[in-house]
Amino acid sequence: MSEAIALARQASDLGEVPIGCVVVHDATADIIGRGYNRRETDRDPTAHAEILAIRAAAEALGGWRLADTTLYVTLEPCAMCAGAIVHARIARVIFGAHDPKTGAAGSVFDLLQHERHNHRVEVREGVLGDEAGELLRGFFRTRR
């Protein structure tokens, strides 16, 4: 999670919402995907930290199935990212801060463990959540 927070800081330095994400291969404990928010930089509404990290992980493994991986992200995934996580068959998601407006890992929706999906993702919440939340609060405080 510390690496995800470092990536969130990089996003903030670019004027992006400070969200960072890494995907770790469980067998080796190597980071195989990294991403941070780049929606403004790339002018792409799908350039969320999770999407970019998942793309990098799939490239590193040479396929879209990421079954033996854990995704660490500083903010609870949104519905789009939760859908990508489920479709990529990621085993676990560990997130920092809750997202009470659009969180799709239990705060507003629970798409990662929805009974109708063919894959359910193990979720752990609140890991370094205070630090991740403060990054977000500080970012938005300067914008108001």
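Reader: With which handedness does H3 pass H4?
Author: In this predicted model, local features need pLDDT of at least 70 and side-chain atom pairs pLDDT 80 or more, whereas totals for chains, interfaces and linings use all residues. Residues are numbered from 1 along each chain as its sequence is written, and side-chain values use heavy atoms, leaving out hydrogens and water. A crossing is left-handed if the near helix (a DSSP run of H or I, at least four residues) is turned anticlockwise from the far one by less than a right angle. The crossing of H3 with H4 is left-handed.

Reader: Which residues of H4 make the contact with H3?
Author: Contact means heavy atoms within 4.5 Å. H3 contributes Glu 50, Ile 51 and Ile 54. They meet, in H4, Met 80, Cys 81, Ala 84 and Ile 85.

Reader: How are H3 and H4 oriented to each other?
Author: Axes, lines fitted to C-alpha atoms over the stretch in contact, give angles from 0 to 180 degrees between N-to-C directions. Those of H3 (residues 49-61) and H4 (residues 79-87) come within 9 Å and cross at roughly 20°. Angles under 35 degrees count as roughly parallel, and H3 and H4 are therefore roughly parallel.

Reader: At what angle do H1 and H5 pack?
Author: Ile 5, Ala 8, Arg 9 and Ser 12 of H1 meet Glu 131, Ala 132, Leu 135 and Phe 139 of H5. The axes of H1 (residues 2-13) and H5 lie 11 Å apart, at an angle of about 5°.

Reader: Which helix gives the most to the lining of the largest pocket?
Author: Lining residues have an atom within 4 Å of a point of the pocket, an open set on a 1 Å grid where a 1.4 Å probe fits, with protein on both sides within 12 Å along at least five of seven lines. With five residues (within 129-143), the helix giving the most is H5.

Conventions:
Helices (H or I, at least four residues) and strands (E, at least two) are DSSP runs, numbered from the N terminus. Angles under 35 degrees count as roughly parallel, over 145 as roughly antiparallel, 65 to 115 as roughly perpendicular and the rest as oblique.
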